[in-house]
Amino acid sequence: HQFAIPVMSEVYLLHYRKDLFDQFGLKVPKSLEEYVETARILSQKLEEAGMHNVDAVAARGLRDPGTVDVGYYTILNSYGVKDFDENGKFAANSPEGIRVTQLYMDLIKVGASKDWSSYDWYDVKDALTSGRAAMAFDCNFFAAEQWDPSVSKVIGKMAYATMPGGPQRGTTNTWTWGLSLNGASKHKVASWLFIQWATSKERFLDASVNYNNFDPTRESVWNSPEVINKFKGMGNYREVDTAV
């Protein structure tokens with residue numbers, strides 16, 4: 001059943017510092033095991049280069065649903081792990097699920113900030129934009145600030161890839177915002193007219209071009225010349241984002 005009219009639907013990408021990968025001779029990891037090893041090597045190289053204020057990885061650690069729903073569950077899905085089976089029984093404690101969890105914690109130990117456990121989504125975003133983190137797997141729309149000259153310290157240095165994962169690599173969770181009509185509303189007609197206006201092509205186009213809605217849910221807006229032009233000069237962002 002459809003419960004709302006979607007306004008924005010984010011996906012999750014690997015954000016990484018291409019300049020540092022080139023400098024240290026690193027390749028984009030294609031598996032979780034490679035991701036952990038890349039974080040370990042990157043931490044070592046950053047330390048040797050005197051870049052003590054740059055973490056290899058930024059990741060959410062706050063005790064909040066968003067922490068597990070984004071990176072962790074996407075990785076689980078890429079390995080074919082489900083949270084519950086068809087009978088409603090908890091299934092993430094399968095051998096694959098346990099292996100993924102161990103690797104995920106290894107990633108945090110070898111590459112994340114010592115303040116990792118207090119990181120929310122905006123802390124990961126800010127760490128990337130300010131250059132305090134060399135990699136992160138998180139919201140695609142974080143890229144908006146990375147290429148904004150008014151706030152970014154990493155313009156021209158970022159690149160993107162699908163999440164390093166298992167056999168189903170490239171899968172990603174989604175997080176969707178939408179507008180819905182309260183069944184108890186006394187102004188249903190007015191509310192429905194507002195939703196139609198707010199989710200129209202014109203409003204979506206304005207939101208994407210002028211307010212950095214990087215995830216418009218209208219295909220016509222995503223493929224419009226204005227939005228395509230907005231992503232020019234942002235490395236391989238649109239190519240990777242479209243692929244997932």
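Helices here are DSSP runs of H or I at least four residues long, strands are runs of E of at least two, and both are numbered from the N terminus. The model on screen is predicted, and the tour below moves from the whole chain to its core, its internal spaces and one loop residue.

**The whole chain**

Begin with every residue shown as a cartoon, where the secondary structure comes to eleven helices and five strands. With C-alpha atoms displayed and the view turned along the principal axes, the chain fills a box of roughly 65 × 50 × 30 Å. The radius of gyration is 19 Å, which agrees with the value near 18 Å that a compact globule of 244 residues would have. Colouring by accessibility should set apart the buried residues, which make up 45% of the chain. Of the contacts between residues at least 6 apart in sequence, 65% join residues at least 24 apart.

**The nonpolar core**

Next select Tyr35, Leu42, Val57, Met135, Tyr160, Phe214 and Tyr237, the residues with the most contacts inside the largest nonpolar core, a set of 63 residues. Then add helix 2, residues 32-48, which gives the most to this core, with six residues.

To look at one member in detail, centre the view on Val57 and leave aside its neighbours within four places in sequence; the residues in contact with Val57 are then Tyr35, Ala39, Leu107, Gly111, Ala112, Ser113, Ala133 and Met135.

**The enclosed cavity**

How many cavities of 30 Å³ or more are there? The count comes to one, and about 110 Å³ of space lies in the largest cavity. To find it, select Ala58, Ala59, Gly71, Tyr104 and Phe137, which lie nearest its centre among the 15 residues of the lining.

Now show helix 3 (65-78), helix 4 (95-111) and strand 3 (135-139), each of which supplies at least two residues of this lining. Helix 3 provides the largest share, four residues. Coloured by class, the lining of the largest cavity has eleven nonpolar, two polar and two charged residues.

**The two pockets**

For the largest pocket, with a volume of about 210 Å³, select Ser9, Val11, Asn140, Thr174, Phe214, Asp215, Pro216, Thr217, Trp222, Asp241, Thr242 and Val244, which line it. Phe214, already selected as one of the residues with the most contacts inside the core, thus appears again in the lining of this pocket. By class, that lining has five nonpolar, five polar and two charged residues.

The second largest pocket holds about 150 Å³ of space, and its lining can be shown by selecting Glu10, Arg60, Asp64, Gly66, Val70, Asp120, Trp121, Cys139, Phe141, Trp175 and Trp177. Helix 3, which also contributes to the lining of the largest cavity, supplies at least two residues here, and so does strand 5, residues 175-179. The class count for the second largest pocket is six nonpolar, one polar and four charged residues.

**A loop residue to finish**

Finally, select Asn212, in the loop between helix 8 (201-211) and helix 9 (219-222). Most residues other than glycine have a negative phi. Phi of Asn212, however, is near 60 degrees, a positive value in a residue other than glycine. Is Asn212 buried, exposed or partly exposed? Its relative accessible area is 33%, and because partly exposed residues are those between the limits of 20% and 50%, Asn212 counts as partly exposed.

Methods: Residues numbered from 1 in each chain as written. Predicted model: local features only at pLDDT ≥ 70, side-chain atom pairs only at ≥ 80, totals over all residues. Heavy atoms only, no water. Core = buried A, V, L, I, M, F, W, Y, C linked by side-chain atoms within 4.5 Å. Buried < 20%, exposed > 50% of the residue type's maximum accessible area, 1.4 Å probe, protein only. Contact = heavy atoms within 4.5 Å. 1 Å grid on protein atoms, 1.4 Å probe; cavity = no way out; pocket = protein on both sides within 12 Å on 5 of 7 lines; lining within 4 Å. Points joined across faces, edges and corners; volume = space filled by probe spheres on them. Nonpolar A, V, L, I, M, F, W, Y, C, P; charged D, E, K, R; others polar. Rg over C-alpha atoms; globule rule 2.2 N^0.38 Å.
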